[in-house]
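Reader: I would like to go through the cysteines and the strands of this model with you, one question at a time. Please show me the sequence and the structure before we begin.

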Amino acid sequence: MHDSTKFIFLIVSLNIIGFMYTDVIIKATNLICAPSPKYFINHSCRLKPVNRYKSVAFMETYIRNQLRNVYVNIGLYARNDVNTYNPFLINFTQNICWYLGNRRFGTYMKVFMDIMAQYTNINHSCPYEGVIIAKNLFFGGNSMSALFPKGYYKCIFIFYEGYPLDYIGRVEYYAELYEVKKMRKKN
């Protein structure tokens, strides 16, 4: 090809791409909750599809005894080509009560606590008692798009009480991260 035809091909390609843009979507595909009967009663955990690209989570439980010193272990797993989940990027354990009391968060804990504050009724320091509710829990795709490659993920939240750590329960959140191409409207 001549240089002039390469240049014209490049200009035409960029114009075609200019009419399109992509949104990164994180769609929840499954939600599994396993609370300990020693600490919780009457729990419910479900996903509600809102539209083709969005599902929101609803979780509700009643605390049997006061929770005074709650720890959370957060692990992120990515699915590989043989459909097994391998550890990916994040695995840490932190004391939720200490962070809520001091309001000083690390990077990953800040993301987790922002989500907790926005979608749950856990917005104060310990002790916790009564009902814990998470409504319309949704992870926005555009804020996470730069961090993760496209694919299937599993995020496991394991909660513990006191020290030594006593198992309270776990939540497994399965999601798919993918791009959706949309056409721009012409002016």
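Reader: If the bonded cysteines of the protein chain are numbered in sequence order, what is the pairing?

Author: The structure holds two disulfides, a disulfide being counted where a pair of cysteine sulfur atoms lies within 2.5 Å. One of them joins C33 to C45, and the other is formed by C97 and C126. With the bonded cysteines numbered in sequence order, the pairing is therefore 1-2, 3-4.

Reader: Before we go further, what kind of model is this, and which pLDDT applies to side-chain atom pairs?

Author: Residues are numbered from 1 along each chain as its sequence is written, and side-chain values use heavy atoms, with hydrogens and water left out. This is a predicted model in which totals for chains, interfaces and linings use all residues, local features need pLDDT of at least 70, and side-chain atom pairs count only at pLDDT 80 or more.

Reader: Is the disulfide of C33 and C45 right-handed or left-handed?

Author: The sulfur atoms of C33 and C45 are 1.9 Å apart. C33 lies in strand β1 (residues 20–35) and C45 in strand β2 (residues 40–51), so the pair ties together parts that are twelve residues apart in sequence; strands here are DSSP runs of E with at least two residues, and helices are runs of H or I with at least four, numbered from the N terminus. Because the torsion about the S-S bond of C33 and C45 is about 50 degrees, this disulfide is right-handed.

Reader: And is the disulfide of C97 and C126 left-handed or right-handed?

Author: In this pair the sulfur atoms are 1.6 Å apart. C97 belongs to helix α2 (residues 96–102), while C126 sits in the loop between α3 (107–119) and β6 (128–137), so the bond ties together parts that are 29 residues apart in sequence. The torsion about the S-S bond of C97 and C126 is about -60 degrees, and therefore the disulfide is left-handed.

Reader: Does C126 count as buried or exposed?

Author: Buried means under 20% relative accessible area, exposed means over 50%, and partly exposed lies in between, with a 1.4 Å probe and protein chains only. By that rule C33 at 21% and C45 at 23% count as partly exposed. C97, in contrast, has a relative accessible area of 10% and is buried. At 17% relative accessibility, C126 counts as buried.

Reader: How many of the ten residues of strand β4 are buried?

Author: Strand β4 covers residues 70–79 and is largely enclosed by the rest of the structure. β4 pairs antiparallel with strand β7 (residues 151–161) over nine bridges, where two strands pair if DSSP finds at least two bridges between them. β4 is also joined by eight bridges to strand β5 (residues 85–95), again in the antiparallel sense. The number of buried residues in β4 is eight.

Reader: Which residue in the turn between β4 and β5 has a positive phi?

Author: R79 stands opposite Y85 in β5. The two strands form a hairpin with five residues between them, and the residue whose phi is positive, at about 60 degrees, is N83.

Reader: Which strands are the edge strands of the open sheet that contains β3?

Author: This open sheet has three strands in the order β2-β3-β6, with antiparallel pairing. Nine bridges join β2 to strand β3 (residues 54–67), and F40 has I63 as its bridge partner in β3. The strands that pair on one side only, and are thus at the edges, are β2 and β6.
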